[in-house]
Amino acid sequence: MLQYLNRCSQGRGAWLLMAFTALILELVALYFQHVMLLKPCVMCIYERCALFGILGAGLVGSIAPSSSLRYAAIVIWIYSAWEGIRLSWQHTMIQLHPSPFATCDFAARFPSWLPLDKWFPGIFVASGDCAEKQWQFLSLGMPQWLVVIFSVFMLIGVLVVFAQFVKPRRRDLFGR
């Protein structure tokens, strides 16, 4: 399996699949926001940024997957998945154990050199409350599903890291 993951990480298709998966998840989030009229909170916006990080990792990896740029993409991938797990876990705890002392900010804090909420307000402006449960599927709320999603991205990312140390099996003419 690690040999297969090594081969996949050196091809463009797997990276584009990861970027496409993250893009679909971003579009689902925008559907929830603009069609179902769910209000994203600050934690939702930060989790969205982590997902954009995974999308970016997929695009970076697809540029030159057989070069050392692949390693930069893996680092972006692992970091974004880790931050996504951390943020969605924190969001889950706010929803499951609401407290007046554990709340989220009223507005997302972006660096002054990257004011995403000013550039793309339809995507990055928070208007909801982190403690409010607005949506559930199979008894799990949105942040709980994001813990699962980011954990899957992290698991696959860690396996791909280990696969980088395994030499891919050379295939001869007869496929042995």
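**Close-up views of a helical model**

**View 1. Helix 4 meets helix 7 in a left-handed crossing.** Like everything in these views, this pair comes from a predicted model. Helix 7 spans residues 142–163, and its axis comes within 8 Å of the axis of helix 4. The two axes cross at roughly 155 degrees. An angle over 145 degrees counts as roughly antiparallel, so helix 4 and helix 7 fall into that class.

**View 2. Helix 3 packs against helix 4.** Two packed helices are described by the angle between their axes and the distance between the axes. For helix 3 (residues 42–63) and helix 4 (residues 69–96), the angle is about 165 degrees and the axes are 8 Å apart. That angle makes the two helices roughly antiparallel. As for handedness, helix 3 and helix 4 cross in a left-handed way. Helix 4 thus appears in both packing views, here beside helix 3 and in View 1 beside helix 7.

**View 3. The whole chain gives the close-ups their setting.** The protein has seven helices and two strands. Follow the chain along its sequence and you will meet them in the pattern α-α-α-α-α-α-β-β-α. If you like to think in boxes, the C-alpha atoms fill one of roughly 65 × 35 × 30 Å along the principal axes. Of the 176 residues, 37% count as buried.

**View 4. R86 and E83 form a salt bridge.** Side chains of opposite charge can pair when their charged atoms come close. How far apart are the closest N and O atoms of R86 and E83? They are 2.7 Å apart, and the cut-off for a salt bridge is 4 Å. The structure holds one salt bridge. Both partners sit in helix 4, and because they are three residues apart there, about one helical turn separates them. Are the two partners buried or exposed? R86 is partly exposed, with a relative accessible area of 37%. E83, on the other hand, has a relative accessible area of 17% and is buried, since buried means under 20%.

**View 5. A nonpolar patch lies on the surface.** Six side chains make this patch: L17, F20, L23, I24, L27 and V28. Together they give a nonpolar surface of about 530 Å². I24, one of the contributors, lies in helix 2, which covers residues 12–34. With 37% relative accessibility, I24 counts as partly exposed, because that class runs between 20% and 50%.

**View 6. A14 is another residue to look at in helix 2.** Its relative accessibility is 35%, so A14 counts as partly exposed. For a sense of distance, try a line from A14 to Y46, C-alpha to C-alpha: the two are 25 Å apart in space. In sequence, 32 residues separate A14 from Y46.

**View 7. L37 has a positive phi.** Most residues other than glycine have a negative phi. L37 is not a glycine, yet its phi is about 60 degrees. Where along the chain does L37 sit? You will find L37 in the loop between helix 2 and helix 3. At 64% relative accessibility, L37 counts as exposed, because the exposed class begins over 50%.

How values were computed
Residues numbered from 1 in each chain as written. Predicted model: local features only at pLDDT ≥ 70, side-chain atom pairs only at ≥ 80, totals over all residues. Heavy atoms only, no water. Patch = residues over 30% accessible without salt bridge, like charges linked within 9 Å, V, L, I, M, F, W, Y side chains within 5 Å. Areas by Shrake-Rupley, 256 points an atom, 1.4 Å probe, with all protein chains shown as cover. Helix = DSSP H or I, 4+ residues; strand = E, 2+ residues; numbered from the N terminus. Buried < 20%, exposed > 50% of the residue type's maximum accessible area, 1.4 Å probe, protein only. Axes fitted to C-alpha atoms, helices over the stretch in contact; angles between N-to-C directions. Parallel < 35°, antiparallel > 145°, perpendicular 65-115°, else oblique. Left-handed = near helix turned anticlockwise from the far one by under 90°.
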